[in-house]
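This report walks through the packing, the charged pairing and the strand arrangement of one protein chain. The sequence and the structure are shown first, and the discussion follows from a single side chain outwards.

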Amino acid sequence: MTMRIVPVVVLLLASACATTGSALEDVPDPAFVKALSGKVAGEPRSCISLLDARQSTTYRSAIVYRVNSRLSYVNDLGKCPFLRDDNILVTRTTGSQLCRGDIVNMVDRGSHFPTGSCAFSDFVPYATPGK
């Protein structure tokens, strides 16, 4: 009788943890909110110039490409499970642009093994309103 109860308890605990994890995903990443504070979203673009993307920062489900202090582009990779702080982003481009549909590969920072890949979506510009 005790052996039957243990698997049920383990399943209930696992489902509670899964529910808690998904609830955390719905909470905005404070660092992401701070990175875009004071900026207004513009019309999505299908491509951005690699020359303009001076710095990239990874957040929970998005990559922010910083052009300058007034302009950043956000690419929301959605539910890409491979987008983590401990992964290195590797993109292969055929030109001078990153575009919707291009593949971004993730490589583990420590082992240098590939961990997965996802496709870019549209790049949404976030700009500080002009004066």
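In this predicted model, Phe123 touches Pro44, Arg45, Ser46, Cys47, Ile48, Tyr65, Tyr73, Val74, Asn75, Leu98, Cys99 and Arg100, when residues up to four places away in sequence are not counted. A second, separate core of five residues includes one of these contacts, Val74, together with Leu36, Tyr59 and Ala62.

Phe123 itself belongs to the largest nonpolar core, which has 15 residues and in which Ile48, Tyr65, Leu77, Met106, Phe120 and Phe123 touch the most other members. Strands β4 (62-68) and β8 (103-108) each supply at least two residues of this core, and β4, with three residues, gives the most to it. In soluble globular proteins, nonpolar side chains tend to be buried together.

Next to Phe123 in the numbering is Asp122, which forms a salt bridge with Arg100, the closest N and O atoms lying 2.4 Å apart. The pair links distant parts of the chain, since Asp122 lies in the loop between β9 (114-119) and β10 (123-127), whereas Arg100 lies in the loop between β7 (97-99) and β8, 22 residues apart. The structure holds one salt bridge. Side chains of opposite charge can pair when their charged atoms come close.

Ser46, in the loop between β1 (40-41) and β2 (47-49), touches Leu98, Cys99, Arg100, Asp122 and Phe123, again without residues up to four places away in sequence. The C-alpha atoms of Ser46 and Asp122 are separated by 5.0 Å, although the two residues are 76 residues apart along the chain. How exposed these two residues are is set out below.

| Residue | Relative accessible area | Class |
|---|---|---|
| Ser46 | 33% | partly exposed |
| Asp122 | 28% | partly exposed |

Both values fall between the limits of 20% and 50%, which is why each residue counts as partly exposed.

The strands remain to be described. An open sheet of five strands follows the order β1-β10-β5-β4-β3, with antiparallel pairing. Because β1 and β3 (55-58) stand at the edges and have a single partner strand each, one side of each is left without a neighbour in the sheet. Within this sheet, β5 (residues 71-76) and β10 run antiparallel and are joined by five bridges, and Ser72 stands opposite Tyr126 in β10.

Note on methods:
Residues are numbered from 1 along each chain as its sequence is written. This is a predicted model: local features need pLDDT of at least 70, side-chain atom pairs count only at pLDDT 80 or more; totals for chains, interfaces and linings use all residues. Side-chain values use heavy atoms; hydrogens and water are left out. A nonpolar core is a set of buried Ala, Val, Leu, Ile, Met, Phe, Trp, Tyr and Cys residues joined through side-chain atoms within 4.5 Å. Buried means under 20% relative accessible area, exposed over 50%, partly exposed in between (1.4 Å probe, protein chains only). Helices (H or I, at least four residues) and strands (E, at least two) are DSSP runs, numbered from the N terminus. Contact means heavy atoms within 4.5 Å. A salt bridge is a side-chain nitrogen of Lys or Arg within 4 Å of a carboxyl oxygen of Asp or Glu. Two strands pair if DSSP finds at least two bridges between them.
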